[in-house]
Amino acid sequence: MTTAAPTRLQALKLKMETREARIGIVGMGYVGLPLTLLFSNEGFRVTGFDIEPAKVATLNSGGSYIVRIPPDSIQQAQKKGFHATADYSEVAQMDAVIICVPTPLNDYHEPDLRYVRETVESIAPYVNEGQLIVLESTTYPGTTEELVVPRLEKGNPSGLKVARVADEPGIHVAFSPEREDPGNDTVARHDIPKVVGGCGPAALELASAMYGSIFRKVVPVSSTSVAEMTKLLENIYRCVNIALVNELKQLCMKMDIDIHEVIDAAKTKPFGFQPFYPGPGLGGHCIPIDPFYLSWKAKQFDFHTRFIELAGEVNTAMPYFVLEQIAAGLNEHSKSIKGSNILVLGLAYKRDVDDLRESPSLTILELLRHRGASVAYNDPYFPTVGHGRHYALNMINTPLDNLGSYDAVVIVTDHSTYNYKEIVEQSKLVIDTRNATKGITSPKILRC
Ligand SMILES: NC(=O)c1ccc[n+]([C@@H]2O[C@H](COP(=O)([O-])OP(=O)(O)OC[C@H]3O[C@@H](n4cnc5c(N)ncnc54)[C@H](O)[C@@H]3O)[C@@H](O)[C@H]2O)c1
């Protein structure tokens, strides 16, 4: 009895399932590098692509530039065949290419897809028949079909088209959102279900086979647009709920009610309530940015996303609210912001991460300086801070001594390395934007 030869798709799937497939990951950043290690740990041979020569050199010398990724894990991956490159011609040797490049906003708060566009145009000349190309960068619904597919089809010299039906020759294209929560070690990355949408059933099958080798659960959806929208719904949900709790915090302060005590009580409800916590404003590359990808796209459909705009308004105002609270705290000591010495604790956008992007600390430092304060910062993850698109601080980290010499110490990021009891004891005035001093009773603390 003769057995039928495996179909083209079956052969590709088998390569994924047996981990013989070669995986290329484009963008060796906060998303791409951990994903690289995940694939490598599972036995895949991975090539990392990045346009920053310093990152490529660091990785190839067995080093790391992300605090929570130890150099040892890069060296382990190297032993399993990992190397980094800026040479896109190596794309031709890959069975799958996963794109994890930035998707920021431009100065007009509109999607800036230049990194995705440049990546797709760079890989297009090297894509080959049967290859799987997956976009993981967060973006508005329609990007994969409207931006990725036409550029791949136009840019490859063999005239390959995207395969739409099973066993049609061509390139397979899919979208799968990255759902990790940096700094949160309570859920292992491979335990986060992987949502996947394909440009047609073959791409979906192939991408599901690839991610199924790594993630415990794959959640297939009917299109790339559904997968793109899923990620936005998740982040908009967070953004809106954080805005809600930031607004209620301000009301609670006026009513002399502790919002944190309220949240702790509310979260005992076993259904229908998920706790969100107030803070000094949003940060990171996701929550302050992603919702505006959708509000921009919505305009094409003559639709106004009011929740997104309102949440953005409330969250963006939070650093200004903190500034008011610092002024109120200093006022109690007969001081003004102008001429005061103020130390900001924590630059990172959230606890225990080395990521500065969109951090409210940067805005608060800028605002304080603008109002005439003499400012300093401490953050174990940033020996210096220079300038970015919205700030020009050019400062160096101040050691955590002599706290009594500051008129106010402002906790903006509640890193777990800080001893908050000692900080309160040694400071004249502590403005706590994160409830980091919970359980410490002192008239020196102003919680906001
Ligand atoms: N950081 C997060 O927590 C997180 C979580 C979920 C989703 N995301 C999404 O993942 C995507 C990537 O985010 P990130 O935080 O990893 O960004 P990042 O800035 O940390 O990393 C992106 C990397 O891509 C590289 N790059 C840029 N253009 C390139 C090109 N043309 N070719 C090759 N490399 C290129 C950059 O040099 C950089 O190393 C974004 O869309 C983001 O919204 C991020």
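The legends below describe close-up views of a predicted model.

**View 1. Strand β5 and its buried side chains.**
Strand β5 comprises residues 132-135. The side chains of L132 and V134 point one way from the strand, whereas those of I133 and L135 point the other way. In a regular strand, side chains alternate between the two faces of the sheet. On both sides of β5 these residues are buried.

**View 2. Pairing of β5 with β4.**
Strand β4, formed by residues 96-99, pairs with β5 in the parallel sense, and four bridges link the two. Within this pairing, I99 stands opposite L135 of β5. The connection from β4 to β5 passes through helix α5 (residues 114-123), and the resulting β-α-β crossover is right-handed.

**View 3. Pairing of β5 with β6.**
Strand β6 (residues 172-175) also pairs with β5 in the parallel sense, over four bridges. Here L132 of β5 stands opposite H172 of β6. Helix α6, residues 143-155, completes a right-handed β-α-β unit with β5 and β6. L132 thus takes part in two of the descriptions given here: it faces H172 across the pairing, and it points the same way from β5 as V134.

**View 4. The ligand and its surroundings.**
The ligand is surrounded by 27 residues, of which D50, K55, Y88, T103 and R357 come nearest. Three polar side-chain contacts are shown. A polar side-chain atom of Y88 lies 2.3 Å from a nitrogen atom of the ligand. For T103, a polar side-chain atom lies 2.6 Å from an oxygen atom of the ligand, and for R357 the corresponding distance to a ligand oxygen atom is 2.8 Å. Taken alone, the ligand exposes 830 Å², and the protein buries 95% of that area. By class, the surrounding shell has 13 nonpolar, seven polar and seven charged residues.

**View 5. Strands β9 and β10 with helix α12.**
Strand β9 (residues 341-345) and strand β10 (residues 374-378) run parallel and are joined by five bridges. One bridge pairs V344 with Y377 of β10. From β9 the chain crosses through helix α12 (residues 360-370) to β10 in a right-handed β-α-β crossover. Strand β10 is mostly covered, with four of its five residues buried.

**View 6. The loops on either side of helix α13.**
V412 lies in the loop between β13 (408-411) and α13 (420-426). This residue is buried, because its relative accessible area is 0%. Between the C-alpha atoms of V412 and I423 the distance is 13 Å, with eleven residues of separation in sequence. S427 belongs to the loop between α13 and β14 (430-432). With a relative accessibility of 4%, S427 also counts as buried. A polar atom of the S427 side chain lies 2.6 Å from the backbone oxygen of I423.

**View 7. Positive phi values at D256 and N402.**
D256 is located in the loop between α8 (224-254) and α9 (259-266). Its phi is near 60°, a positive value in a residue other than glycine. D256 counts as exposed because its relative accessible area is 72%, which is over the 50% limit. N402 is found in the loop between β12 (392-396) and β13. N402 likewise is not a glycine, yet has a positive phi of about 55°. At 56% relative accessibility, N402 counts as exposed.

**View 8. P182 in the loop that follows β6.**
P182 is found in the loop between β6 and β7 (194-198). Is this proline buried or exposed? P182 is buried, because its relative accessible area is 18% and the limit for burial is under 20%. P182 and V31 are 151 residues apart in sequence, and their C-alpha atoms are 9.0 Å apart in space.

Notes
Residues numbered from 1 in each chain as written. Predicted model: local features only at pLDDT ≥ 70, side-chain atom pairs only at ≥ 80, totals over all residues. Heavy atoms only, no water. Buried < 20%, exposed > 50% of the residue type's maximum accessible area, 1.4 Å probe, protein only. Pairing = 2+ DSSP bridges. Right-handed = clockwise from strand over helix to strand, strands pointing away. Near = heavy atom within 4 Å. Polar contact = N/O pair within 3.5 Å; in protein donor to acceptor, adjacent residues only side chain to side chain. Areas by Shrake-Rupley, 256 points an atom, 1.4 Å probe, with all protein chains shown as cover. Nonpolar A, V, L, I, M, F, W, Y, C, P; charged D, E, K, R; others polar.
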